[in-house]
Amino acid sequence: MTTQFDRIYHGLTSELGKFRIAASGMAWKGEESENMVALASGDIKWAQWMRVARGYQLRVGLRDRTREIFDGFVREDHDKLSQLLKQHFSIALETKEISVKGWNWGVTDFQGEDLAFLVSNKTAFELPLTNVANSNIAGRTEVSLEFATPSNSKKPSKHAPDEMVEIRFYVPGTHTRSPRGSDAGSQKSDDEEEEISAAQAFHDAVKEKAEIGQVSADVILSFEEVLVLTPRGRYDVDMFREFLRLRGKTYDYKIMYSSISKLFLLPKDDQHVLFILGLNNPIRQGQTRYQYLVMQFSREEEITAELNMEEEEVAKYDRLKKNYEDPTFEVVSGVFRALSGKKIIGAGSFQSHNGHPGIKANLKAVQGDLFMLEKFIFFVSKQPTLIELSDIHQVVFSRLGAGMGATAARTFDLKIVTKSGPEYTFTSINKEEYEGTEAYLRDKKVKVKNEMMEGELIMGGEDDEDEEMQSVASSGEEVPKPRLGGEDEDSEEDEDFQASDSDSGSPTDTDSDDSGAATASDASGDREFAKAAKGKGKAPKKKAPAKKVKKGSDEEGEVEGEKPKKKAAPKPKPKPKKKGSDDEAMDVDEKPKPKPKPKPKTKDDEEGPAKKKLKKSSE
């Protein structure tokens with residue numbers, strides 16, 4: 001007699017099926033795929049009944065220490081199943097209690113092929129270790145487990161349910177680990193014990209139980225000590241039929257061929273070749289995720305290899321050979337192409353001015369190679385960036401450093417605006433690559449905008465504005481830096497001012513007599529300078545006193561004020577601060593009142609009378 005239960009799930013699949021029990025055993029058959037799982041009565045050893053997310057679960061233990069699980073039963077099925085199991089297989093249906101407290105702290109326990117999380121000695125949830133792809137220590141006390149998608153789900157359905165791909169455990173404290181082979185009864189065993197973090201011990205236990213980094217199937221081909229630039233290190237690459245495994249000193253990765261999205265084979269330079277894997281599910285080291293796996297090979301390195309496959313199996317794959325005796329990068333790329341079923345994308349027709357398919361550029365602070373491919377723009381660096389040509393809205397050429405130095409003028413910037421939103425600005429590109437890059441983009445029908453000449457004109461206009469602003473500042477009443485007056489004033493005033501030979505010594509003289517001599521000897525030049533200033537439109541009310549005291553605040557500040565550098569800073573009253581500075585400053589302020597006295601300034605030969613007259617006027 002056969003008893004059937006409908007709408008039952010097998011394992012972790014989302015497919016419904018029919019479950020039947022008879023004296024000969026039990027079997028499950030899917031409704032859509034018609035997959036069948038059959039268990040003989042002689043192999044069934046125990047059975048458990050437990051509450052799960054999809055109703056109730058029947059867990060059946062087999063002779064070879066494996067188990068099969070069936071979900072979707074209802075509460076009323078318990079008694080019927082218990083009676084059938086006892087009648088046909090002479091085993092009791094054990095009820096396993098589940099913790100429903102909802103606590104997120106507890107104890108982990110490795111139970112066969114499962115990792116159980118216990119709360120108050122009751123199972124809260126279980127994780128199948130066979131599905132664990134990677135285990136990483138994300139911090140000193142945190143362990144991350146990543147799960148691989150089933151290999152048979154290469155083309156998941158649109159209506160497929162969500163699956164958990166990662167879980168993290170916080171494992172504080174330390175753990176004492178005894179070295180293997182140590183004698184437990186010896187006194188030295190205590191000294192040899194190694195104290196490690198509990199997170200490290202948990203990580204090692206998961207790797208051992210889940211067989212991460214170990215051979216669990218027949219290896220088709222292995223490559224040793226492959227230089228991987230991203231993530232950086234040397235890894236052994238083991239190729240299997242459904243996945244590849246990277247084995248490094250610190251990290252081990254299991255990568256399904258179904259998770260590989262793109263393959264690139266690009267020349268880095270004359271000696272090296274880059275083989276790049278694009279991944280749908282990024283691998284991670286700590287908190288850093290790597291969506292691209294970049295391997296580097298030497299062009300001259302060759303390898304002789306034989307695949308661990310039969311000729312019939314080799315014939316099933318496209319362009320796969322049984323024996324290889326070729327350069328290493330050709331063997332690796334050929335095997336990856338055959339096993340993953342992905343096409344290799346090579347360098348396009350673009351050539352730089354040096355004849356290379358890539359050009360040097362910077363993205364932010366990262367330097368790398370920018371490859372112009374047939375359908376992509378690929379920036380290869382520590383963190384590669386792939387841009388599809390169909391996603392580019394426009395490309396803007398600019399030279400932000402124009403006019404700021406010879407180095408900046410030799411390079412240009414390339415900004416790519418995408419339709420999806422992000423913008424990428426590649427800087428420090430040699431200007432010799434401009435014509436080839438622009439021709440490539442126009443050939444690919446990409447919208448191009450050139451701002452290089454506009455940037456240069458803008459920079460030039462700013463320089464003119466700066467000169468005008470300096471001249472305006474120098475012609476005003478303010479003289480912030482008299483010692484730089486020759487540079488800040490208009491060219492006409494500079495020529496008149498520097499025409500006198502006696503000016504050369506005035507900025508360095510500190511003696512009062514020398515300063516007086518410079519004042520008197522420059523009187524004739526001052527009159528011409530004052531006339532030039534009159535034509536320029538300076539303050540008219542200062543014209544008359546300027547003739548007597550060398551143009552008052554403007555001229556004295558330039559000739560005498562240049563000697564003590566501190567004179568120019570306080571402009572209004574305390575202009576000169578050396579001998580007679582107070583009297584002369586007062587003369588300057590009170591000059592506009594006594595108008596008849598400024599005229600005797602014609603005596604340029606003697607400095608004494610000129611000084612006396614200035615003092616009298618102040619008195």
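These exercises treat charged side chains in a predicted model.

Local features need pLDDT of at least 70 and side-chain atom pairs 80 or more, while totals for chains, interfaces and linings use all residues. Numbering runs from 1 along each chain as its sequence is written, and side-chain values use heavy atoms, without hydrogens and water.

**Exercise 1.** Classify the salt bridge partner Arg59 as buried or exposed, and place its pair with Glu126 in the chain.

Solution.
- Apply the rule: a side-chain nitrogen of Lys or Arg lies within 4 Å of a carboxyl oxygen of Asp or Glu.
- Arg59 and Glu126 meet at 2.6 Å, N to O.
- The pair links distant parts of the chain, 67 residues apart: Arg59 sits in strand 6 (residues 55-62) and Glu126 in strand 11 (residues 122-128).
- Strands are DSSP runs of E, at least two residues, numbered from the N terminus.
- Buried means under 20% relative accessible area, exposed over 50%, partly exposed in between (1.4 Å probe, protein chains only).
- Arg59 has 4%, so Arg59 is buried.

**Exercise 2.** Classify both partners of the salt bridge between Asp236 and Arg247.

Solution.
- The N to O distance is 3.9 Å.
- Asp236 belongs to strand 18 and Arg247 to strand 19 (residues 243-247), eleven residues apart.
- Asp236 has 18% relative accessibility and therefore counts as buried.
- Arg247 has 28%, so Arg247 is partly exposed.

**Exercise 3.** Find which residues form one network through shared salt bridge partners.

Solution.
- Start with Glu166 and Arg168, which meet at 3.1 Å, N to O.
- Glu166 is partly exposed at 23%.
- Arg168 is partly exposed at 33%.
- Shared partners join Glu142, Glu166, Arg168 and Arg289.

Definitions and conventions:
Helices (H or I, at least four residues) and strands (E, at least two) are DSSP runs, numbered from the N terminus.
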